[in-house]
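Subject: Structure handover

Hello,

Here is the structure we discussed, with my notes underneath. Please look through the notes with the coordinates open.

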Amino acid sequence: MKLDEQLKLLFDEVGRCPHKVAQHMGITLHFLDLGENVCGFYQKSPLGGLYIVLNSCLDMDEMQTTTYLLVQHHQAHGEMNLSLGWNDINTFKRVEKESVKYLRMVVDAFLAITAKKQT
């Protein structure tokens, strides 16, 4: 099963709440004031614990996006630490927006072809 499919199943099961996602995966979640540039980070402790730290200044949508990206990183590269900043979050959101636009174009083209075949 692909990583995106695994994450979709996870979010379908527990929702996108950062607390529930982290708890379900056995990751300790903390909120700290990380300043203006850092949205959050994932860290594996030398003692074996897994941690996600989110900037306490984020709104819920930003926390969910940051958690999603950090969980995705955990699933793919669990041994490596990762820090995400605003550029990372904004790039992800921009790519997602473009993906949705592209998928809408594909669906519209498919529906146009289907409608043309039926006439």
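In which helix does Q75 lie? Q75 lies in helix 3. Before going further, please note that this is a predicted model, and the rest should be read with that in mind. Q75 has a relative accessible area of 35%, so the residue counts as partly exposed. Its C-alpha atom is 13 Å from that of H24, and the two residues are 51 apart along the chain.

Core

The largest nonpolar core has 23 residues. The residues with the most contacts inside this core are L10, V21, I27, I52 and V71. At least two core residues come from each of helix 1 (3-14), helix 2 (18-25), strand 2 (38-44), strand 3 (50-55), helix 3 (60-77) and helix 4 (86-118). Helix 3 gives the largest share, five residues.

Two of the residues with the most core contacts are worth following in the viewer. With neighbours within four places in sequence left aside, V71 is in contact with L7, L10, V21, M25 and I52. L10, V21 and I52 are thus on the contact list of V71 and also among the residues with the most contacts inside the core.

I27 is found in the loop between helix 2 and strand 1. Its relative accessibility is 5%, under the 20% limit, and I27 therefore counts as buried. Leaving aside neighbours within four places in sequence, the contacts of I27 are A22, Y42, L50, Y51, I52 and H74. For a long-range check, I27 and D108 are 81 residues apart in sequence, with 41 Å between their C-alpha atoms.

Sheet

Four strands form an open sheet in the order 1-3-2-4, and the pairing is mixed. Strand 1 (28-32) and strand 4 (82-85) are the edge strands, each pairing on one side only. From one strand to the next, the twist averages 15 degrees.

Which strands pair with strand 2 in the antiparallel sense? Strand 4 does, over four bridges, and strand 3 does, over five bridges. On the strand 4 side, F41 stands opposite S83 and Y42 stands opposite L82. On the strand 3 side, the bridge partner of Y42 is I52. Y42 therefore has a partner in strand 4 as well as one in strand 3, since strand 2 pairs with both. As a general point, strands of a sheet pair through backbone hydrogen bonds, either parallel or antiparallel.

The hairpin of strand 2 and strand 3 has five residues between the strands. In this hairpin G48 takes a positive phi near 105 degrees.

Two buried residues in helices

T66 is in helix 3. Its relative accessible area is 0%, so T66 is buried. A polar atom of the T66 side chain lies 2.8 Å from the backbone oxygen of E62. Not counting neighbours within four places in sequence, T66 is in contact with C39, G40, L54, L58, L84 and I89.

P18 lies in helix 2. At 1% relative accessibility, P18 is counted as buried because the limit is 20%. Residues up to four places away in sequence aside, P18 touches L29, L54, M60, M63, Q64 and T67. L54 is thus in contact with P18 and with T66. The C-alpha atoms of P18 and G35 are separated by 20 Å, and the two residues are 17 apart along the chain.

Salt bridge

How many salt bridges does the structure hold? It holds one. The side chains of D61 and K93 meet in it, with an N to O distance of 3.3 Å. This pair links distant parts of the chain, since D61 is in helix 3 and K93 is in helix 4, 32 residues apart. Side chains of opposite charge can pair when their charged atoms come close. Are the two partners buried or partly exposed? D61 is partly exposed, at 44% relative accessibility. K93 is partly exposed too, with a relative accessible area of 31%.

Regards

Notes:
Residues numbered from 1 in each chain as written. Predicted model: local features only at pLDDT ≥ 70, side-chain atom pairs only at ≥ 80, totals over all residues. Heavy atoms only, no water. Core = buried A, V, L, I, M, F, W, Y, C linked by side-chain atoms within 4.5 Å. Buried < 20%, exposed > 50% of the residue type's maximum accessible area, 1.4 Å probe, protein only. Contact = heavy atoms within 4.5 Å. Pairing = 2+ DSSP bridges. Axes fitted to C-alpha atoms, helices over the stretch in contact; angles between N-to-C directions. Polar contact = N/O pair within 3.5 Å; in protein donor to acceptor, adjacent residues only side chain to side chain. Salt bridge = Lys/Arg side-chain N within 4 Å of Asp/Glu carboxyl O.
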